[in-house]
Amino acid sequence: MRVKRWGTPDSLAVANQQVLYDVDGAGVAYITLNRPEKHNALSVPMRERITELVAAADADDDVRVVVFRGNGKSFCSGNEINEEWGQRRPHERRRTLDVGYRYGADMAWGRLGFSQAISRSDKVTIAQLHGYCAAAAYFMIACKCDLVVAARDSRIGALEARFLGPAGAAASVHINRILGMKAARRTGFTAKPMSGTEAYDLGLVYRCVPAEELAPTTRRIAGEIAARPAGALDFLVARLRAAEGLMDTSVPAITGLLVSHFLQPAPEELDFWRTARQVGVGGALDADKARKGAADPRAGKEPGS
Amino acid sequence: MTTDDGAVELVLDRERHHALIRIRREGQGNRLTRAMARQFVAHLDTVDADDDIKVAVVEGAGAHLSSGWDPREAWEQYVDAPGGAVKKHPSQRARLIALDDAWWGRNGLYNRLLHCRKVTITKAVGECYETGLYLTLCSDLVVAHENARFAVPRWRNVGVDGDLSLLVATVGLKRTKELMYAGTAWDARTALRYGLVDGVHADPDEEVGRLVEMCASIMRDGIVTEKYAVFASLAKMGVDHAFAAATVVGASLSNIHFQPDEYNFLADQRGHGTAAALERSRRHLE
Amino acid sequence: MIDVKVADWVGTVQVPDFAALTRYDAAFAWELRDTVVALADDSEVKVIVLRADGGDFAPDVPDASPPADRSATWRRVFAGAKGLYQSLAFCKKVVVTEVDGACRGAGSALVLCSDLTVAAETSSFGSPFMTTPEANFVLAALTMRLNRAKAWAVTGDVLDAVRAEEVGLVNQVVPGTALRAEVDALAARVTAMPLDGVTMSKMLLQAVLDAHGVGRDFDLATHYAARRRRAEETEAGPR
């Protein structure tokens with residue numbers, strides 16, 4: 001029996017071009033998100049492809065380090081939120097819990113999901129951040145990598161938290177251990193992004209550099225790690241993975257499942273999903289911005305400018 | 001209840017979706033009594049039950065958030081707890097029950113604040129000692145005044161009898177031990193650098209107002225869902241276990257034996273009064 | 001080689017340096033372990049200071065060889081529950097490390113196991129995880145936060161004193177000339193706590209550390225050492 005591949009014919013057809021893979025001669029594999037027109041928002045097939053590429057890197061003895069990076073203005077804006085990927089059959093008036101499990105766990109943070117494929121990789125993993133690193137890109141990629149190299153003006157965080165409802169994952173154990181308990185909570189309850197510099201001060205980011213130095217700096221760091229003796233590096237990665245298991249940092253909070261599907265806004269609260277379906281994500285952000293107390297995650301200096 | 005006995009006020013603003021919980025015992029540095037802790041918990045119950053309240057702000061009236069718990073109750077709380085006494089010595093179960101009921105247990109102040117279903121914001125001003133520090137640790141967001149100071153001076157008198165899991169997960173292990181053993185008080189800037197507070201402001205009210213507005217614009221479903229995610233991770237990080245351990249160690253420490261040259265706070269308090277004993281035992285923080 | 005003094009509630013342990021631990025000198029390690037255990041059990045002691053007087057706390061040992069994981073001596077002296085590192089991490093008294101100069105390999109494992117660390121401005125800290133598989137990574141993650149500890153282990157970076165303070169690995173950075181006096185002053189401050197208070201606070205700490213995975217990470221040292229040994233064989237053998 002064959003495993004079903006979820007997605008539309010279109011999104012399935014382009015996934016291989018939207019997530020690129022190459023290995024340099026120095027033992028570094030690059031997984032490059034390549035959907036710049038959508039700030040590299042991750043479709044379901046893109047997430048599946050990430051899982052497959054991490055497995056490919058893990059199986060390749062010549063690869064020592066895996067770098068995640070994005071083409072265009074941003075690293076990644078998170079999961080695609082306005083996507084039809086086959087989640088509703090004709091007779092179903094709304095999404096089933098069965099689909100909720102598939103989407104929330106299997107396609108995201110669960111044992112079979114792409115974020116855990118990253119956190120359990122046998123290789124050293126590095127996230128190279130610029131522009132937005134938002135929502136799932138923040139807690140399912142950046143926070144799952146061993147090292148993060150960031151441009152100073154990156155905008156990192158659960159930026160969707162305030163208008164979509166906090167995603168639950170921002171409360172997870174690994175983020176508490178990376179940022180400290182207060183900052184983890186802060187990213188869950190305010191939409192305020194961290195700059196690369198702030199994320200460095202908190203301990204998420206290993207090196208923070210001007211945007212133009214980001215790629216060469218990451219390449220140099222990845223190269224230096226890859227040049228360490230292979231056996232030694234294998235040992236260190238195994239050592240870290242074991243200790244992370246002991247600290248129970250692997251699985252984010254289960255409530256993410258609820259958030260994705262069933263939150264109900266009160267009459268005076270913004271229905272972000274419905275608004276986004278009507279006027280697009282940008283329009284929904286504008287509608288949110290107009291509300292009292294709202295903080296526009298896009299306000300201020302444009303990343304990369 | 002007289003002013004000296006203190007009170008904890010609750011002000012609800014349903015229009016703006018927020019509640020204010022204010023500690024009022026200015027003459028005593030807002031030191032909390034058990035009665036005030038119970039009042040505080042009752043207010044949290046009200047906040048949790050009111051669907052129009054999304055955010056609760058915790059503050060102290062006057063110059064300090066809270067400079068500790070009331071040391072006059074240090075022994076009395078065990079005497080009053082159910083469990084009996086032998087020759088005026090409260091039973092060990094009475095000591096455990098007293099600490100559990102007022103502070104660390106399911107309905108104790110710290111556990112209850114930590115498990116509030118709404119966003120909690122603490123305004124840290126002046127002395128945030130002992131109880132003041134734990135209110136800081138148990139709330140979601142903390143806005144500190146430039147003059148805020150964080151310490152647990154009582155630990156130097158009797159040893160460490162409070163939760164350590166929140167401290168370790170917030171500021172790290174070696175800094176936790178510095179607070180435990182070195183008799184240190186952290187100023188607001190240090191607290192910010194260590195990750196104990198979210199910001200330091202000359203006018204914290206303005207920043208609190210901004211955060212209240214921001215959090216009040218989150219949908220109710222989102223807030224409560226996120227809080228249950230927080231509760232799940234607190235459990236995974238061993239916070240319940242650490243609270244129980246703090247209760248057991250706290251009760252054990254009430255049996256402390258002092259060496260000849262060691263300072264005995266309760267004896268000092270009996271001999272010279274609470275104010276003098278507090279002054280003497282906190283002098284090293286200045 | 002190990003000089004011990006007890007005065008005013010402080011037990012001071014002085015050695016030339018701690019590099020012998022990186023070399024897996026079992027006789028030195030066991031003597032140090034016995035010293036720590038004896039001081040911890042001494043009711044005249046509240047604080048134990050670990051001090052090196054040779055300029056470097058624990059200089060690098062380039063030819064250090066990883067331990068044989070099947071060695072009963074290694075398990076007893078270094079890795080086991082009664083071995084040196086756990087005797088320090090779960091010590092009944094407050095342990096202060098005084099770090100001058102280079103702190104590498106097992107020296108950093110000692111720093112992680114100690115409660116408080118004062119460092120000279122010129123000191124620097126290398127990760128212990130490659131040379132010392134029984135070093136406790138969970139302690140590092142709880143001390144420095146997870147990603148910093150991972151980066152320290154994987155990159156081989158050496159942290160200078162200022163950075164070590166920024167990330168929480170050391171409590172205080174002082175001029176080298178003031179180091180000893182500052183450590184003595186810190187130790188004296190700790191002794192203000194009653195003896196019973198010190199020991200009960202360490203009991204509380206033991207419960208919390210264990211719940212956070214520190215004990216379990218120590219318990220897996222044999223597996224880590226086996227894996228480290230295999231890495232050594234990989235490097236030595238044909239690629």
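This passage describes a contact between two chains, a small set of paired strands and one buried residue in a predicted model.

It is convenient to begin where chain B meets chain C. Here 30 residues of chain B are in contact with 31 residues of chain C. On the chain B side, the elements that each supply two or more residues are the helices α6 (154-158), α7 (165-171), α8 (173-181) and α12 (239-253). By residue class, this side of chain B consists of 15 nonpolar, nine polar and six charged residues.

Turning to strands, chain C holds an open sheet of three strands, arranged in the order β5-β7-β8 with mixed pairing. The edges of this sheet are taken by β5 (102-103) and β8 (158-160) of chain C; each has a single partner strand, so one side of each is left without a neighbour in the sheet. Strand β7 (residues 124-126) of chain C runs antiparallel to β8(C), and three bridges join the two. Within this pairing, C:Ser124 has C:Asp160 of β8(C) as its bridge partner.

In chain A, attention falls on a loop residue. A:Thr190 sits between α8 (181-189) and α9 (196-202) of chain A, in the loop that links these helices. Is this residue buried or exposed? A:Thr190 counts as buried because it has 25 C-beta neighbours inside 10 Å, where 20 or more are required. A:Ala161 lies 29 residues away from A:Thr190 along the chain, yet the C-alpha atoms of the two are separated by 6.9 Å.

Technical notes. Residues are numbered from 1 along each chain as its sequence is written. Chains are lettered from A and ligands numbered from 1 in the order in which they are written. This is a predicted model: local features need pLDDT of at least 70, side-chain atom pairs count only at pLDDT 80 or more; totals for chains, interfaces and linings use all residues. Two residues are in contact if their C-beta atoms, placed from the backbone, lie within 7 Å. Helices (H or I, at least four residues) and strands (E, at least two) are DSSP runs, numbered from the N terminus. Ala, Val, Leu, Ile, Met, Phe, Trp, Tyr, Cys and Pro count as nonpolar, Asp, Glu, Lys and Arg as charged, and the others, Gly among them, as polar. Two strands pair if DSSP finds at least two bridges between them. A residue is buried if 20 or more other C-beta atoms lie within 10 Å of its own, exposed if 12 or fewer, and partly exposed in between; C-beta atoms are placed from the backbone.
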